[in-house]
Amino acid sequence: MIRVEVVQLLVSPAHRYAGRPADGPSAGPEDERVESVEVRRHLGLVGDRYYARPAHRDASVTLMAEENLPRDIAPSADLRHTRRNVLLRGVDVDALVGATVELDCGRGPVRFAVNRPARPCAWMDATLGPGAQRALRGKGGVRCTPLSDGVLTVGGATFRVVPADDDGPAGD
């Protein structure tokens with residue numbers, strides 16, 4: 001188990017980055033960052049655009065490492081630009097594809113299956129700056145399925161990779 005920090009959480013009720021990046025994002029709330037969010041097993045983040053969508057159940061939550069934000073391109077980059085849900089400091093989530101992980105913000109562990117990379121798209125160059133899509137290749141975060149209910153909050157947390165034989169209380 002390691003200590004990490006949940007730097008930001010983003011719950012976006014609308015898919016704002018559709019169509020051509022040159023046309024700019026669709027209208028939506030100015031800031032979709034939240035201090036806490038409810039996670040529902042196999043459904044996602046309550047209030048998010050991918051919540052309970054069958055086509056997105058294996059990718060309803062995206063985790064990203066703050067260390068991978070391209071600060072040389074966009075010094076003030078955050079989740080509003082990347083459209084990821086959980087920004088973590090202190091763990092290389094991109095190296096965990098295929099693993100099961102737990103994030104505990106002090107209200108009990110929330111378990112996630114880390115399914116696949118969240119590949120950066122052309123929108124990254126539009127929202128972060130030219131070269132961002134290339135800079136984020138291989139480190140754009142991961143798409144996950146929540147395997148337990150719980151609450152995530154901004155601030156200090158613990159993070160662990162769950163051993164394959166662990167089917168504890170947060171298990172699927």
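**Close-up views of a predicted model**

From the N terminus on, the elements of the protein chain run β-β-β-β-β-α-β-β-β-α-α-β-β-β. Keep in mind throughout that this is a predicted model.

**View 1. The whole chain, with its three helices and eleven strands.** Start here to get your bearings. Of the 172 residues of the protein chain, 47% count as buried. The chain exposes about 8100 Å², and carbon and sulfur atoms supply 49% of that area. Now look at who touches whom: take the contacts between residues at least 6 apart in sequence, and 73% of them join residues at least 24 apart.

**View 2. An open sheet of three strands, in the order S4-S3-S10.** The pairing in this sheet is antiparallel. Its edge strands are S4 (44-45) and S10 (150-153), each of which pairs on one side only. Zoom in on strand S3, residues 36-40, and you'll see it pair with S4 in the antiparallel sense over two bridges. For a landmark, find Val39, which stands opposite Leu45 in S4.

**View 3. The hairpin made by S7 and S8.** Strand S7 covers residues 100-104 and strand S8 covers residues 109-117. The two run antiparallel, and five bridges join them. Down by the turn, Asp104 has Pro109 in S8 as its bridge partner. Four residues sit between the two strands, and one to look for in the turn is Gly106, with a positive phi of about 105°.

**View 4. S7 again, this time with S11.** Besides its hairpin with S8, S7 pairs with S11 in the antiparallel sense over four bridges. To line the two strands up by eye, go to Glu102: this residue stands opposite Arg160 in S11. As you trace them, remember that in a regular strand the side chains alternate between the two faces of the sheet.

**View 5. Val161 and its neighbours in strand S11 and beyond.** Val161 lies in S11, which spans residues 155-161. Is this residue buried, exposed or partly exposed? Val161 counts as partly exposed because its relative accessible area is 42%, between the 20% and 50% cut-offs. Leaving aside residues up to four places away in sequence, Val161 touches Leu96, Ala99, Thr100 and Val101. How many residues along the chain separate Val161 from Phe112? They are 49 residues apart along the chain, while their C-alpha atoms are separated by 9.7 Å.

Notes:
Residues are numbered from 1 along each chain as its sequence is written. This is a predicted model: local features need pLDDT of at least 70, side-chain atom pairs count only at pLDDT 80 or more; totals for chains, interfaces and linings use all residues. Side-chain values use heavy atoms; hydrogens and water are left out. Buried means under 20% relative accessible area, exposed over 50%, partly exposed in between (1.4 Å probe, protein chains only). Contact means heavy atoms within 4.5 Å. Accessible areas come from the Shrake-Rupley method with a 1.4 Å probe; for residues, only the protein chains shown count as cover. Two strands pair if DSSP finds at least two bridges between them.
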